[in-house]
Amino acid sequence: MKLWVAAEQTLHKWGESLKECGIDLLVAQKEEPAEEVDGLLLTRLGDYSRLQELGGNSLRQENSPVLLLVFGDEAPYGWADELAAACEASQKPYEVVRMSLWSGKERVLLGGGPVGQQMRRLCRLLADHGKLSMVCGRREVDEAIRQLPRYLAWKERFYWEMGEACDDNGVSLKQVSRALGLDTRVGQGWLDPVHQDHSLVCAWLVRECQHVLQKTKIERIALIGPADLWNKMPQGWLADKAVAVYTGTDEPFPNEARPGWVRCDSWKAAVQEADLLVIGDGLEVAAELSLQELAHTMRQSLVVDAASCFPAQEAQLFCKGYRAVGEKTNVWE
């Protein structure tokens, strides 16, 4: 299946993910001969009129309606239904389907007429590419997209509150979490690893780092985590300290926001001769991090870990000080 997109940016953002679903994206170009496609991919307001302007007459129709695939979480709520109503009123041979990738892009939500020709075609295409799809109404997809981050944020708030309770009672949050997961209504994958609310992580990191800085002489600090997390940390929380940052991506780090911070291209470079390592997000480097190598590379092996990358008992063996969420390991108190 081939679909037009209105901008190169959309192709770069979603091209690979949709190709895994059997959908090839092409950027519509007015000055070039239009290649026949099966429909249009619409991600935001203005895409539809722009794509019609660039070559709406070259859409492949044959014996099936043209597909208008309203895709992603940036599409306005209810827009897909509005498009469907407008197409029906103007008697245009279009079929509007709302689509969203779900659960690590392995599952797909499809909203629209369950017996529509393009809907059935999409379901077969997704099945052929190993994607499990669910068909519902267009607004049901919109509502699910709106409610998912709210639910995940609620789960994360619960997790952090439970961590405070575990700290107060001297029990392990990780073990309690696993125990809760034994209930089939919860499941072992109940905690989404992606932070939905950076404010919870920021508040915990500021508090725990203050404990370390008050009790221990710290000169150099290494940070591992995404740039948007560190940008949300309060100004001056690491004042007068040498700071090295590893974000796990090639995106530029805004030096004007954090003057003096050094951007590193690997976690090893960041922790070299560091007194304190602050982990805001594992960034999938937890599997690479060796506690033994970490302790050898750092000047002082003090670690504040908001991602709970390591087993607490093992970390205490190798590190001079190790602090994780909900694990009573705060040796510098």
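Tutor: Contact here means heavy atoms within 4.5 Å of each other. This is a predicted model, where local features need pLDDT of at least 70, side-chain atom pairs count only at pLDDT 80 or more, and totals for chains, interfaces and linings use all residues. Residues are numbered from 1 along each chain as its sequence is written, and side-chain values use heavy atoms, with hydrogens and water left out.

Student: Okay, which residues is L223 in contact with, leaving aside neighbours within four places in sequence?

Tutor: Those are W230, W237, L238, V243, A244, V245, Y246, W261 and V278.

Student: What makes a group of residues a nonpolar core?

Tutor: The members are buried Ala, Val, Leu, Ile, Met, Phe, Trp, Tyr and Cys residues, joined through side-chain atoms within 4.5 Å. The largest one has 30 residues, and L223 is among those with the most contacts inside it. Helix 7 (198-215) is one of the elements that supply at least two residues of this core. Helices (H or I, at least four residues) and strands (E, at least two) are DSSP runs, numbered from the N terminus.

Student: Why is E208 called buried or exposed?

Tutor: Buried means under 20% relative accessible area, exposed over 50%, and partly exposed in between (1.4 Å probe, protein chains only). E208 sits at 1%, so E208 counts as buried. R323 is at 4%, so R323 counts as buried too.

Student: And why do E208 and R323 count as a salt bridge?

Tutor: The rule asks for a side-chain nitrogen of Lys or Arg within 4 Å of a carboxyl oxygen of Asp or Glu. The closest N and O atoms of E208 and R323 are 3.0 Å apart, so the pair qualifies. E208 lies in helix 7 and R323 in strand 13 (residues 321-324), so the pair ties together parts 115 residues apart in sequence.

Student: How do you know that D305 has no salt bridge?

Tutor: The nearest side chain of opposite charge, K174, is 7.2 Å away, so the pair fails the salt-bridge rule. For charge, Lys and Arg count as positive and Asp and Glu as negative, while His and the chain ends are not counted.

Student: What does the side chain of D305 reach?

Tutor: The backbone nitrogen of A307 at 2.9 Å, and that of C309 at 2.6 Å.

Student: What about C123, buried or exposed?

Tutor: Neither: C123 comes to 21% relative accessibility, so C123 counts as partly exposed. C319, at 8%, counts as buried.

Student: How many disulfides are there?

Tutor: The count is 0, where a disulfide is a pair of cysteine sulfur atoms within 2.5 Å.

Key:
Polar contact = N/O pair within 3.5 Å; in protein donor to acceptor, adjacent residues only side chain to side chain.
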